[in-house]
Amino acid sequence: MLGTFCVLSAGVQRAWSSSSCLFMDPSSPGLVLQSQSTDVFQNLALEDWIDAHVDLQQRSILLLWRNRPTVVIGRHQNPWAECNLPAMRSAQVPVARRRSGGGTVYHDLGNLNLTFFASKKAYDRRRNLKVVTDALRRVRPQLDIQATDRLDILLNGRYKISGTASRLSRKSSYHHCTLLHSADRSAIAVLLRPSCPGIRSNATPSIPSPVTNLTDHAPSLQWEELLEAVVQQYSSEFGLTSSSQCVDPADEALFPGVGSMEAELRGWQWTFGKTPKFSVETQLELRDERPAARCSAQLQLEVKNGRVESCRVEVPATWLPERLSASLAQALLGERFCPHRAAAALSALLRCESGPLHSRLRNLCDVLVAAMG
Amino acid sequence: MLSHSRCLTRNFGRSLSAIRQVGTKLTNFGCCLALLASGCGETAASVRSALSVLALALAAPALGDEVITVKTPAFAESVTEGDVRWEKAVGDSVSEDEVVCEIETDKTSVQVPSPAAGVIEELLVPDGGKVEGGTPLFKLKKGAGAAKAPESPKAATAPLPPSAAPTPPPPPSTVGPIPTTMPPVPPVPAHVKMNRMRLRIAQRLKEAQNTCAMLTTFNEVDMSNISEMRKAYKDAFLKKHNIKLGFMSAFVKAAAYALVDQPAVNAVINDTTKEIVYRDYVDISVAVATPKGLVVPVIRNVEEMNFTDIEKAINLLGEKARKNELAVEDMDGGTFTISNGGVFGSLFGTPIINPPQSAILGMHGIFDRPVAVGGKVEIRPMMYVALTYDHRLIDGREAVTFLRKIKSVVEDPRVLLLDM
């Protein structure tokens, strides 16, 4: 299924020897590209590359792409607040931070992504969305499709089938949106919830909306048919003549430097380190087995650039000596806000303790690590 | 006369524009000077040159100190307000067009570049604060910018293997040949503050040294038999179990066997209660190198495992470590540690005990050496092994016997079958 994403309406797929051939065809005011990759980082890197390297003053570009299951958060969002990272880890769904603003979305092979590249002057999101709504109305006139003031596209006035985000650089711009063709909605419900309790942050929040797939209302709509309709509508709206072209975002010859862009997007520093400062305040429930006993503790953490900047663990002194809870808090400072890093840092502490305190300390470590998602 | 005055007007205009380019402060001054000059009847050329010289003289100090206030750009599509997210901080040097902050408006992220090269003097809006088009954003001190502060903390914590470990890594040998291919180490500046990880490692290592009466006994292992066994079975092993057959399983099993035989090595002193705690299970901590640094996960109940089980366990833990998925329980406990300095090419060395344990086995590199076998000189692949132990608990005889047992098992695994 991955390779067959490239649907060409007519004509031959030209072999591009360099990006200059691809992007500098003077006869055409625009270009439609389809990505061969379903890797979110490669596709985001391709977006970055086009934004940085292509002269968009005279032309516009439409890029069509889709990804294997991924959660994509907006530029200024908090991944721990937006998605359930432990659940995603076990389902092997990665999280990616895109460079445009806006909220969190779930991508999978049933979700079509469209990126409209234009110069800053030609930046017009409504015009772009009109391409999508007109295309949909043409292939399925019976569907009630409307773009809203918030630049969502709604079906039957209620269900969101598309969300928008964009990025304005010095001279260029891009506006991208999703389009739910046949995505896995149950995954959305499970994965798009916070990783851990008690997060307080001023990061951009997501606004949840009820969603639906186009295929839930027009089951006969094929993926290829949808793509065709969008490409044709874009071509007629922007006056293009050439057909769409397939590109491989990992092709370093075609897109020199795209590999390092991809590596940056994939890295921890970008994905987690760029999170605006936030704090976590939550109660920890502690227990002991022999003898059976319980206790509550307070955890207060400040996380900056994805690392623990300050940490306070308030445990009643009757449960654990203060020096232990203090050294526990101390052990986490400077570490990444990550349950595995915390586990590694705390295990060193645990090794130094033995006897009755050990099991209580161990329990506190476990509970603390669990509170970090 | 007419042509002369026209000339003057033209030159006056040109001079005026030259002054305007330099700085608005000078405009009035320049105007006065030009008027004076024309009034005095001086030639156009000398007026112009005098003005430009004056302009330059007055401009130079102003350019160097000029602090400009950069305002929020107008938003596209009649959007009114957005949130500021700072990319740079006060004191950072920026070049012209470098992004200083991003403003998020209505699902759009807008980059705000610096209009000129300089140093950020003040941020006028807090991170996450709201701005509208025209709101003053930050103050920039124009100029070439201060020299970049030396990147000392980053260079210092650049990964020298291993750096990110919460447990003390056994120091590689100080005696013997250094491997020829060392990873390039970046230059480190003179005074660098210790980071928390290093402080913790330092503290624990000293604690180990101060509590245990540590000393080391050595031996050497002839790896011929085990190499042969590995060569004979490695393909079939890979096929059946889907993992590679290494040497670690032999040493781990040998250690477990020897620990069951010498319970004192598997025990630990409880300093607070002044007791010796004997453990009837053998949990071996194995040092695993990951891209992030050294991690020491634990293989539980090794006394019940065979070579295959051990290889599988090591493999699983290695994968978890590489994927950063080790949990607290994976690294807690452990009655004995094995560390392999051989992967770095060490010949010989004294590992340091990993508290709260009583001993540690250090494996080193396998090198071909001439040895005496049956009265003749033969070349054999030899490995030096070292056992550092706590003499408060383990006596010399026990330590040596323990190490010899490991040697005999690795040199001839049949010892395990026959319980020799």
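In which strand of chain B is the place of Ile379(B)? In this predicted model, Ile379(B) belongs to strand β18 of chain B. Although part of a strand, Ile379(B) is exposed, because its relative accessible area is 57% and the threshold for exposure is over 50%. Apart from neighbours within four places in sequence, Ile379(B) is in contact with Asp368(B), Arg369(B) and Pro370(B). One of these partners, Asp368(B), is 11 residues away along the chain, and its C-alpha atom is separated from that of Ile379(B) by 6.1 Å.

Strand β18 also leads to the interior of chain B. The largest nonpolar core of the model has 52 residues, and Val252(B), Ile284(B), Ile299(B) and Phe336(B) are those with the most contacts inside it. Several elements of chain B give two or more residues to this core: the helices are α7 (248–261), α8 (307–322), α10 (396–411) and α11 (414–418), and the strands are β12 (284–286), β16 (336–340), β17 (359–373) and β18 (376–390). The element that gives the most is α7(B), with 10 residues.

A view from Ile299(B) helps to show how this core is put together. Leaving out residues up to four places away in sequence, Ile299(B) touches Val252(B), Val282(B), Asp283(B), Ile284(B) and Val286(B), as well as Met305(B), Ile310(B), Ala313(B), Ile314(B) and Leu317(B). Two of the residues with the most contacts inside the core, Val252(B) and Ile284(B), are thus also among the residues that Ile299(B) touches. A second, separate core has 50 residues, including Leu85(A), Cys295(A), Ala297(A) and Phe337(A).

Chain A can be described first as a whole. Its secondary structure comes to 13 helices and 16 strands. Of its 373 residues, 58% are buried. Among contacts in chain A between residues at least 6 apart in sequence, 75% join residues at least 24 apart. The chain exposes about 14900 Å², and carbon and sulfur atoms supply 52% of that area.

Strand β11 of chain A, residues 172–180, offers a closer look, beginning with Ser172(A). Is Ser172(A) buried or exposed? With a relative accessible area of 8%, Ser172(A) is buried, because burial requires a value under 20%. The side chain of Ser172(A) makes a polar contact of 2.7 Å with the side chain of Asp51(A). Residues up to four places away in sequence aside, Ser172(A) touches Asp51(A), Leu56(A), Ala118(A), Ser119(A), Lys120(A) and Arg167(A).

Aromatic residues add another layer to the picture, with 13 aromatic pairs found over all chains. In one of them, the ring centres of Phe117(A) and Tyr174(A) are 5.6 Å apart and the planes meet at 55 degrees, so this pair is tilted. Phe117(A) lies in strand β6 (residues 111–119) and Tyr174(A) in strand β11, so the pair ties together parts of chain A that are 57 residues apart in sequence. Both Phe117(A) and Tyr174(A) are buried. Elsewhere in chain A, one aromatic cluster is formed by Trp80(A), Trp268(A), Phe272(A), Phe278(A) and Phe337(A); Phe337(A) also belongs to the second core.

The cysteines come next. How many disulfides are there over all chains? The count comes to 0. Cys83(A) is buried, with 0% relative accessibility, and Cys212(B) is likewise buried, at 11% relative accessible area.

Finally, some loops of chain B contain notable backbone geometry. The peptide bond from Pro355(B) to Pro356(B) is cis, with omega near 0 degrees, and Pro356(B) lies in the loop between β16 and β17. Asp97(B), a residue other than glycine, has a positive phi near 80 degrees. The loop that holds Asp97(B) runs between β3 (93–94) and β4 (99–105) of chain B, and the residue is partly exposed, with a relative accessible area of 36%. Asn242(B) has a positive phi of about 65 degrees, although it is not a glycine. Asn242(B) is found in the loop between α6 (224–241) and α7 of chain B, and is exposed, with a relative accessible area of 67%.

Technical notes:
Residues numbered from 1 in each chain as written. Chains lettered and ligands numbered in written order. Predicted model: local features only at pLDDT ≥ 70, side-chain atom pairs only at ≥ 80, totals over all residues. Heavy atoms only, no water. Disulfide = S-S within 2.5 Å. Buried < 20%, exposed > 50% of the residue type's maximum accessible area, 1.4 Å probe, protein only. Core = buried A, V, L, I, M, F, W, Y, C linked by side-chain atoms within 4.5 Å. Helix = DSSP H or I, 4+ residues; strand = E, 2+ residues; numbered from the N terminus. Contact = heavy atoms within 4.5 Å. Areas by Shrake-Rupley, 256 points an atom, 1.4 Å probe, with all protein chains shown as cover. Polar contact = N/O pair within 3.5 Å; in protein donor to acceptor, adjacent residues only side chain to side chain. Phe/Tyr/Trp six-rings, centres within 6.5 Å; stacked < 30°, edge-to-face > 60°.
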